[in-house]
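Trainee: Got a minute to go through this one with me?
Mentor: Sure. Put it up and ask away.

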Amino acid sequence: MREDVEALDIKDVTANWVNAAVLEAQIEQRVKALADLAHTPLFFGRLDYRATTQEGGSFYIGRRHVHDGDGDPMVVDWRAPVSQPFYRASKRDPQDVDLRRRFGYTGGELTAYEDEHLTDPAETERTSALLQAEIERPRVGPMRDIVATIQPEQDEIVRAGLTGSVCVQGGPGTGKTAVGLHRVAYLLYAHRERLARTGTLVIGPNASFLHYIEQVLPALGELDVRQATVDDLVAHVEIRGADSAATAVLKGDARMAEVLRRAVRAGVTMPTEGLVVVRGSRRWRVPSYELTEMVEELLARDIRYGAARDALPQRIAHAVLVRMERAGESPDDRVQDAVARNPAVKAAVKAIWPPVEPAKLLLRLLSDADFLAAQAEGVLTADEQKLLLWEKPPRSVRAARWSPADAVLIDEATDLVTRTHSLGHVVLDEAQDLSPMQYRAVGRRCSTGSATVLGDLAQGTTPWATRAWSEALTHLGKPDALVEELTAGFRVPREVIAYASRLLPHIAPGLAPVASVRENPGAFDVRAGGSVLAACEDALLREGSVGLVAADARVPSLAAELSAAGHAFLSPGEETSATARLTLVPASLAKGLEYDYVVLDEPSAIVSAEPDERTGLRRLYVALTRAVSGLTVVHHTALPPQLASGTAV
């Protein structure tokens, strides 16, 4: 298929050099999409339908559609409707499938296969050994797709329609990130033309996480999905400062949207005198009361500030044209545009509806106590206003030490002035850590599209972490989104998730614990007074990746200890390999990552590093649940009481 595309001759099918360049770019993109991936087989399953059904015959299921030289399909794309029973058919509901076959691979070579005769009453339903082997396969390198192991409850979310938004609550190891990425791939297959026009976006918590997942969609043949963090989306100013926890929480509060709305419109002033427009020898006067009516009407429409400002000179010009027509003239649209550009009109608009620069506006809001008080009256208390004000106001936008929360506020103000472009679909991962204002920033990017929201309330590690998905979805602008919960754990071993679940009553009361479906209970050990170095060396004797997770403040000393012992190590986001399997992970960057074996250093240090105990325990919960095959906890100080004396859930 790739050679056929490379052999295409476009000399006689393009009208000009522009068409030729576009077609060449499309061919180049198609060749990239058809690249062979090492150790990635073209098919992983087969379905044999009953001969009496419309589908009939056998279909090989794979990551991509593959056809032979005559164009006849050899492998069917996993996203095609005919492939759906591979994920959902069962003995109770065979969906017209006689046989489901799974293929097992080792290093890209076919090494096993497993058959399920779904319509044979003599064959009992059993857990797939190949499925278990794939789930428990060592994690080396970036995140891989789960296209061969998607479960029925996951497939329902993956194949949900484009028009509705979906929120997935899923504990550690339930596959929510993979579900979100495969949902993007499915939507691009089912609605390619529409999403090609409107665009798709995957939002992750940090650059390390995005690097970890960046190979999943290309492996499924999707190369054009943009990835970004929330900070990337709102990068209007350079971030050089940081807020206290209390200030950051306040700046992330949804009430700030109303304060900014008032501030943006604060400069609009009602005209006190009429306007005179001179054209040739004639003078046309628009009285102040008519100008006031125009301004009041634009304010009442509640349209974007910039759009209203652009409309005002046209309204004034139209009023002048009405007077011209009454006087017997016949002005056309060109005359109206000329009047709108008249110096007197432009001067009046500038005085009535002055331009707004969002960063300058926020600078004034955080520097001028009187201006802030006027805009925040009835919205923020006096103490909250004091919390927002800078002690030493900067002289300019460039000199200001903007914080991440400030950038989100500037983004809100920017949208109040000019509407933010909306995409067709947005996937938001680790959503539980976003503030209401950050949700609004993401919501603006899919205001006319849909969203897939992924998260776990128990893993919220910011002071403003989401308390309920209903609140979050309201701030996102998707209050009617369907909320689904994944509770089957495929990554974290039983003993490890049971140990971590001791924290759930303290960090997310009422949230259902993850039920591990792993047959392997996993290696689990708690070492009081042991050596972190020895624990890492023990883990490295086994196959797979190793993550050493520690409180951020302890990372430099642990790095020095590893280096002194001659152990090379990676940073989060760097790709593990057969020769470099150890990663030193600050606890603040552990979210969303996974390692075959995790060595957890000093749990109490992770808890105490956070501004409050609940956030610290949530950070610990995240760190404890990064393991795929085994967890070793090493501590010299006492374990947090919630972990030491808890009862496994």
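**Rings, cysteines and a histidine**

Mentor: Start with arginine 102, which lies over the face of phenylalanine 86, at 5.3 Å from the ring centre. Keep in mind that this is a predicted model.

Trainee: Okay. And what sits over the ring of phenylalanine 371?
Mentor: The charged end of arginine 364, 3.7 Å from the ring centre.

Trainee: How many aromatic pairs turn up in the whole structure?
Mentor: A full search gives 11 aromatic pairs. One of them is tryptophan 78 with tyrosine 87. Their centres are 6.5 Å apart, with 85° between the planes. That makes the pair edge-to-face.

Trainee: Are tryptophan 78 and tyrosine 87 buried or exposed?
Mentor: Both are buried.

Trainee: Which residues make up the aromatic cluster?
Mentor: Phe43, Tyr60, Phe103 and Tyr105 form one cluster.

Trainee: Switching to cysteines. How many disulfides are there?
Mentor: Zero, searching the whole structure.

Trainee: Why no bond for cysteine 446?
Mentor: Because the closest cysteine sulfur, in cysteine 167, is 13 Å from the sulfur of cysteine 446. That is too far for a bond. The cut-off for a disulfide is 2.5 Å between the sulfurs.

Trainee: Is cysteine 446 buried or exposed?
Mentor: Cysteine 446 is buried, at 0% relative accessibility. Cysteine 536 is buried too, with a relative accessible area of 1%.

Trainee: Next, helix H21. How many of its residues are buried?
Mentor: Seven of nine, so the helix is mostly covered, with buried meaning under 20% relative accessible area. H21 spans residues 436-444.

Trainee: Which ones are buried in H21?
Mentor: Met437, Gln438, Tyr439, Ala441, Val442, Gly443 and Arg444.

Trainee: Last topic, histidine 425. Where is it placed?
Mentor: Histidine 425 is in strand E12, residues 425-428.

Trainee: Why does histidine 425 count as buried?
Mentor: Because its relative accessibility is 2%, and buried means under 20%.

Trainee: What polar contacts does its side chain make with serine 450 and threonine 452?
Mentor: Histidine 425 joins the side chain of serine 450 through a polar contact of 2.7 Å. With the side chain of threonine 452, the polar contact of histidine 425 is 2.8 Å.

Trainee: What else does histidine 425 touch?
Mentor: Leaving out residues up to four places away in sequence, its contacts include Leu162, Arg183, Leu187, Leu195 and Leu201. Gly199, Thr200 and Ala451 are also among them.

Note on methods. Residues numbered from 1 in each chain as written. Predicted model: local features only at pLDDT ≥ 70, side-chain atom pairs only at ≥ 80, totals over all residues. Heavy atoms only, no water. Buried < 20%, exposed > 50% of the residue type's maximum accessible area, 1.4 Å probe, protein only. Phe/Tyr/Trp six-rings, centres within 6.5 Å; stacked < 30°, edge-to-face > 60°. Lys NZ or Arg CZ within 6 Å of the ring centre and 35° of its normal. Helix = DSSP H or I, 4+ residues; strand = E, 2+ residues; numbered from the N terminus. Polar contact = N/O pair within 3.5 Å; in protein donor to acceptor, adjacent residues only side chain to side chain. Contact = heavy atoms within 4.5 Å.
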